[in-house]
Amino acid sequence: MSIYNQQSQRRSPLGITLGVIAVLFILFSLVAGFWTDWQWFSSLERTDVFAKQLVVRGTLFVVVFVLTTVVLWASATFAYRSRVLTIPTTPEELAMQRYRDSLEPIRKSLFIAAPAVFGLLSALSAAAQWRTYLMWTNSVPFGQKDPQFGKDISFYAFELPFLKFLLGSAFTLAFVALIVNLIIHYIYGGLSSAPGQNTSPSARRHLTFFLGVIVLLKGIAYSIDKYSLATKSDSLISGLRFTDVNALVPAKTILSYIAFATAILFFVSLFRAATSLPFIAFGVMLGASLLIGGLYPAFVQQVQVKPSELQKETPYIQRNLEATRTAYGLDKVKITEYKAIDNPSLASFTKDKGTLSNARLLDPSLVSPTFQNLQQIRGFYSFPDSLDIDRYKINKVKQGTILAVREVSLSGLADSQRNWFNDHMVFTHGYGVVAAADNSARNDGSPNFLESDIPPVGKLDIKQPRVYFGERSPAYSIVGSPKGGEPRELDYPDDKSANGQANNTYTGKGGVPVGNLFQRAVFALHYREANILLSNQIAPGSKILYDRSPQIRVKKVAPWLTLDGDPYPAVIDGRIQWIVDGYTTSNEFPYAARISLRDATADSVNAQGGLGSLSSQDLTYMRNSVKATVDAYDGTVRIYQWDTKDPVLKVWRKAFPGVVEPKSKISASLLEHIRYPEDLFKVQRDILAKYHVQDPQAFYSGQDYWNVPNDPTKPSVGQAQPPYFMMLRMPDQKEPTFSLTSAFAPSKRQTLAAFMSVNADAGPDYGTIRVLQLPRNTTIPGPTQVQNNFESDPAVSSQLSLLRQGGSDVQLGNLLSLPVGGGILYLEPVYIRASQGGGYPLLRKVLVSFGSKVAFENDLQTALVKVFSEQIDSGGGGGTDNGGTVSTPAEKLAAAISDANKAYIEGQAALAKGDFTAYGAAQKKLAAALARATSAEDALSSK
């Protein structure tokens, strides 16, 4: 025996051992992953969701794996057994025989392994289609039929995708089986390229069979393809057009008949002597496919449609318009003509006092550093880059609120504090929320906090401030102390405590037990962390918290949902809850416009990383079907039905019973904080920019299209202006409501085309979209023009230049559009930030514009008075009575405005102090002064 062979034998046991260890490690890692997932679902009492996914995916995997492997193995085996046995006589035949001999030792293994590998790949692909399978098996009707084929929309949304999957899988399997037969018959002599040698009968039958199967499947594909035309998209519309209906659909029907006839000929030829008829028919099918399926539709398009496209396409454009508005929930939009006058009406002070007094001055995308500096308390706490907006009843008055959760941030720890024990057993949770009024600021420009400090102090009545489950929570934390042991989970710094901090021991029901050796070993393997197994700080009652983000938790419990990119916190019944909006979507709604979800929801805020971006999926249907909550303390996930009519949600409730609770289970306190979801609104405004046009001819010309203007306050980002939450009264509403708003500009112009608002308050009017449409020849400036007017105004420009000197940076807040006074009022807060020394934005100025008028003042009320003062100054004259009291309408008007200004300032001062009793009294004075101003204006108008 050679030295080499001896060394190989000595090394082989080590190689085998390493191989076994590697396989065991991979196996145990997979088991650990499975077990940790099972335990996570068990902690939420939702193992039924995990089990259902496993069963469905496992069933699809096994069925496809077995079917694919058996078909390919049988195909290869039958081809081999029917091989031609001949004695090689030529050099080519001798070479092929030597090749066959070299394959023989591994042939049986190869015939099993190759089909198994392909079967494994096919099975993995099939298992990923579990959602498609469940939608097919649990299909429910939409109750609406497509206008061309008369099929319920459910056929396209739930059944057609699964039929396409089955057809695609069958095509792939038949084609691969054909290739396998070709290769084996060629190797073993059934096929020959040599002159004078024919194909063997067995090879001919095998290949004929698989060709017949492929042609049969192609016939089925032609039959299905005509339905797919209802969901296709092109540059003009989605769905069938004139050429599709009058040329392509008939062509596909004819081609399906030809394909079926050709398949029959292939199958019949299996039992007859060799004939060329099936191949002639196959050639005819290919020719017909080119002629009928390609050239004829192109001829119809060029000769019939193109010369009079509008006339031909009008009915199909109408289908697209109606289907799109239905698919995106825009079929009940209230569009109102709005003249948007340039001269302000003082009567608007009375009608729109609620809008003006609630005008949002704090920009949630800018004030995070301010919250951070004033309310972070310690470096290991943090706030998100973009804060959230909600509303709370403070002293029975609805108050717009900027809200942020004070979460734990391990990146804020000093290097000397970073170790495994601190990262995962001490700094385990955040503490409390910080809230500020959105319509006011203190005299120094800092937020007017309604809830602040640690422990929490304020108006929100927080009973459980600890945040163990949040958007920035550590990957995992191990909580719970030994029985009788001292708490070690850091709550907050406390000078009164002996060790300088208050600690806590988690007692929530969320989390997975990790006290025994088995659990510790599993999680140590899962996280590749030996300390979980070795640490003596883990007690029998300890729990491990993981997958803690609100979005992750909701997504795992309801994996069929598309989630909004901005979960927001709310204090409900004394507890901090994360509210997550869930969408059901489809990409198969006939005739509806197709959009990219990521593109439609991109704006200047999430482009800067402030919010999560949605997936890049395309869709033709979208509903805000559920509202979900995640308890920030114990991680409890509850998912509520919101859209009671959505067929897609009905399918998933049928597939996963009990996961989505009925809408009636939503508590009154939760309803107070439900709001209209931003991402749905952004999708709807993107659609409405084109589909507000309801006339096919106008839609075809595209002259009335709108667009969402880029955010003029962030020109370097180059993204759309985000929608804004605010308290707002639209012209047909009696009182202001919490609304989500956006402005539109005409295509290729910078004036204002329309203003869109949706009622975001849960109630009978929730979700009502109102659009104020300006005349096409309007000169009312849009957001981009207004920003340009601000920057180019000599007085404003000079003041901004002064503010930018002396080591300060000027930051422009959100440019809000407000429909007041019969026109559009623009409002933009201006923040000053020290450029050095950890400066943070403080509200110092307010820019206001109405028509061509611009004001730049220290507070909103002064700016409003300046904008509207020109109308006051233009009032009629008159004298005074003998007592010197105000007697002329103009003087009465001026006095009323002065009183209104004084009342507003008193109200803002009271609000800054948190004195809501004084604020209410000031509001009453303001209302009385505005009423007198209206009377005086009426007197002036009658002169």
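This report describes the overall architecture, two strand arrangements, one buried residue and the internal spaces of a predicted model.

## Overall architecture

The chain has 943 residues, of which 53% count as buried. Its secondary structure comprises 26 helices and 33 strands. Measured out along the principal axes, the C-alpha trace spans about 135 × 85 × 55 Å.

Contacts between residues distant in sequence are a further property of the chain. Among contacts with a separation of 6 or more, 69% are made by residues that lie 24 or more positions apart.

## The sheet of β11, β15 and β14

Three strands make up an open sheet, arranged in the order β11-β15-β14 with antiparallel pairing. Strands β11 (476-479) and β14 (512-513) are at the edges, and each pairs on one side only. Between β11 and β15 there are four bridges in the antiparallel sense, and Y476 stands opposite Y546 in β15.

On the other pairing, β14 is joined to β15 (residues 543-546) by two bridges, and these strands also run antiparallel. Here V512 has I544 of β15 as its bridge partner. A helix accompanies the sheet: α14 (residues 517-527) lies across β11, β14 and β15, and runs at about 30° to β15.

## F469 and its surroundings

F469 belongs to the loop between β10 (466-467) and β11. Is this residue buried or exposed? F469 has a relative accessible area of 1%, and a residue counts as buried when this value is under 20%; F469 is therefore buried.

Leaving aside residues up to four places away in sequence, F469 touches Y506, L545, R548, R553, W578, D631, A632, Y633, D634 and G635. One of these contacts, L545, falls within the residue range of β15, 543-546. Another, W578, falls within the range of β18, 575-586. D631 is likewise within the range of β21, 621-631. By contrast, L825 is 356 residues from F469 in sequence and 41 Å from it in space, C-alpha to C-alpha.

## Strand β18 and its partners

Strand β18 (residues 575-586) has twelve residues, eleven of which are buried, so this strand is largely enclosed by the rest of the structure. Which strands pair with β18? Strand β16 (residues 562-563) is joined to β18 by two bridges and runs antiparallel to it, with L563 standing opposite G582. Strand β17 (residues 568-572) is joined to β18 by five bridges, again antiparallel. In that pairing, the bridge partner of I572 is R575.

The hairpin of β17 and β18 has two residues between its strands, and D573 takes a positive phi near 55° there. Strand β21 also pairs with β18 in the antiparallel sense, over nine bridges. Within this pairing, D581 has K627 of β21 as its bridge partner.

## The largest pocket

About 1,100 Å³ of space lies in the largest pocket. Its lining consists of 33 residues, and those closest to the centre are G329, K332, R623, D643 and K645. The elements that contribute two or more residues to this lining are α9 (309-327), β21 (621-631), α18 (647-655) and α20. Strand β21 supplies the largest share, four residues; β21 is also the strand that pairs with β18 over nine bridges.

By class, the lining of the largest pocket comprises 15 nonpolar, nine polar and nine charged residues.

## Enclosed cavities

How many cavities of 30 Å³ or more does a search of the whole structure find? The search finds five. The largest cavity holds about 230 Å³ of space. It is lined by 24 residues, and P364, S386, V605, E678 and P723 are the closest to its centre.

Strand β3 (388-394), helix α20 (678-691) and strand β25 (724-728) are the elements that give two or more residues to the lining of this cavity. Helix α20 also gives two or more residues to the lining of the largest pocket. The cavity lining has nine nonpolar, five polar and ten charged residues.

Technical notes. Residues are numbered from 1 along each chain as its sequence is written. This is a predicted model: local features need pLDDT of at least 70, side-chain atom pairs count only at pLDDT 80 or more; totals for chains, interfaces and linings use all residues. Side-chain values use heavy atoms; hydrogens and water are left out. Two strands pair if DSSP finds at least two bridges between them. Contact means heavy atoms within 4.5 Å. Axes are lines fitted to C-alpha atoms, for helices over the stretch in contact, and angles run from 0 to 180 degrees between N-to-C directions. On a 1 Å grid over the protein atoms alone, a cavity is a set of points where a 1.4 Å probe fits but cannot get out, and a pocket is an open set with protein on both sides within 12 Å along at least five of seven lines; lining residues have an atom within 4 Å of a point. Grid points are joined across faces, edges and corners, and a volume is the space filled by probe spheres set on the points. Ala, Val, Leu, Ile, Met, Phe, Trp, Tyr, Cys and Pro count as nonpolar, Asp, Glu, Lys and Arg as charged, and the others, Gly among them, as polar. Buried means under 20% relative accessible area, exposed over 50%, partly exposed in between (1.4 Å probe, protein chains only).
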